[in-house]
Amino acid sequence: MAGKTMPELHLGLEGIYFAESSICKVDGTKGRLYYRGYSIGELAGYSDFEEVSYLLLHGELPTRSQLIAFRRRMRAERTLPNKIIGIIEEESVRSHPMHVLLTAVAALAAYDKEADVASPRANMEKSIRLISKAGSIVAAIGRLRSGKQYVRPDARLGHAENMLYMMNGTRPSSNAARLLDLMMVLHAEHSSNASTFSTIVTGATLSDLYSAVASGIATLKGPLHGGADERALQMLRDIKRPENTERYIDEALQNKRRVMGFGHRVYKTYDPRARIIRKILLDLSLESGEVKNLAQIALRAEKLMIERLGRSKGIWPNVDFFTGPVYVHIGIIPALFTPMFAASRMPGWCAHMLEYWEHSRLIRPLEYYTGQAGRRYVPLGRR
Ligand code: CMC
């Protein structure tokens, strides 16, 4: 490539703005997060997942009557076609729940007459359907993978409460339902992260919403993104006892292993979502049994990582670090952590797609070619 000037490469698209958005502000320097201008702390304290879904999709908090109507719509959409239940039943035996979720969400398109209708009204309807049914799919995966019978959704229950009901077959305690709902609010949206970008890239080809969010699910699965939560819990379990924490973390850092649940492309300080979950963990560290042990190890690992890498490298806990012990406390198995994340992120993915389609433009970045040129084809017999 002699004679050519090398363009500036933006590896990992770091620092690149590709669109305007009024959905979410991530302030990575101050460690603040806002959905539609409302701070995550206020939403976590006062709102719930259904209301936050409305806020993300519509841009405003609903009035009382709008909220009642939205809850009713969401709850009416919880049922799953029998064929989708069949797919979940069959696939859950041998596949990771993220693969099952991906398959089931993509297959939902077959049961939506408007799957390929691109009007704003149809896309809003599909968003509600997707947010609602993703919760049912994740709950059904949790239930069916252990060989138990499918439990139908209960429209009298809140979104998170119903998910736990469908998973366990019994109504959850109000504490468990509230905790899961809070986790879902914290995971509902996060600007142009990898999975949201991937959703938008697919949608920007004017593909349909089911295909777009399927891209998001596939991207979320990776351990550098949503898949970090399951691995962070595995690490806490591998550490086994609080007194082993220092040795484990130092060994990991010496061997240049990533400590899952730490570091972030945008936050160079404490992730505000992790801060909220940490408070829950402080309570759990006073409980008994495995949750207490996990919470104590997590708090010790957090202190150490901040000492080792926090101030020097800007590597702080992210949302995925403390979630494990909280999910274990609620009774959710590790393989379902990332699917839970996906079901929670569905309103964010859909809101971004609805917004992007208002001024859609195909996304097509460039690669700088460094390969050979002018090569002559050599027939197979002469190679
Ligand atoms: N443990 C140890 N070192 C780390 C970590 C970590 N978790 N994260 C970053 N570093 C180091 C990295 O080795 C590098 O060091 P050096 O400059 O000496 O080579 C430096 O910090 C910069 O890392 P980077 O990979 O260039 O930074 P990035 O912006 O590409 O990485 C990240 C962001 C999230 C991929 C990374 O921090 C990471 O791998 N974290 C662990 C996985 C994780 O927790 N992911 C969840 C992200 S937040 C929730 C979500 O989006 O799902």
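**Exercises on the core and the ligand site**

The largest nonpolar core of this structure has 119 residues, and those with the most contacts inside it are Tyr35, Ile88 and Leu180. The largest share of this core, 13 residues, is supplied by helix α16, which spans residues 337–358. The model is a predicted one.

**Exercise 1.** Determine which residues Tyr35 is in contact with, once its neighbours within four places in sequence are left aside.

*Solution.* Begin by taking contact to mean heavy atoms within 4.5 Å. With the sequence neighbours set aside, the partners of Tyr35 include Ile23, Cys24, Ile40 and Leu43, and also Val52, Leu55 and Leu56. To these the list adds Val185, Leu186, His187, Ala188 and Glu189. As background, nonpolar side chains in soluble globular proteins tend to be buried together.

**Exercise 2.** Describe the shell around the ligand by residue class, and state which helices each supply at least two of its residues.

*Solution.* Sorting the shell by class gives ten nonpolar, six polar and five charged residues. Turning to the helices, α14 (289–313) and α15 (319–330) each contribute at least two residues to the shell.

**Exercise 3.** Identify the residues that come nearest to the ligand, and trace polar contacts made to the ligand by Arg258, Val259 and Arg265.

*Solution.* Of the 21 residues around the ligand, Arg258, Val259, Gly261, Arg265 and Lys313 come nearest. The side chain of Arg258 places an N or O atom 2.8 Å from a ligand oxygen, while Val259 has a backbone N or O atom 2.8 Å from a ligand nitrogen. For Arg265, a polar side-chain atom lies 2.8 Å from an oxygen atom of the ligand. Finally, the ligand taken alone exposes 930 Å², of which the protein buries 71%.

How values were computed: Residues are numbered from 1 along each chain as its sequence is written. This is a predicted model: local features need pLDDT of at least 70, side-chain atom pairs count only at pLDDT 80 or more; totals for chains, interfaces and linings use all residues. Side-chain values use heavy atoms; hydrogens and water are left out. A residue is near a molecule or strand if one of its heavy atoms lies within 4 Å of it. A polar contact is a pair of N or O atoms within 3.5 Å; within protein, one must be able to donate a hydrogen and the other to accept it, and residues adjacent in sequence count only if both atoms are side-chain atoms. Accessible areas come from the Shrake-Rupley method with a 1.4 Å probe; for residues, only the protein chains shown count as cover. Helices (H or I, at least four residues) and strands (E, at least two) are DSSP runs, numbered from the N terminus. Ala, Val, Leu, Ile, Met, Phe, Trp, Tyr, Cys and Pro count as nonpolar, Asp, Glu, Lys and Arg as charged, and the others, Gly among them, as polar. A nonpolar core is a set of buried Ala, Val, Leu, Ile, Met, Phe, Trp, Tyr and Cys residues joined through side-chain atoms within 4.5 Å. Buried means under 20% relative accessible area, exposed over 50%, partly exposed in between (1.4 Å probe, protein chains only).
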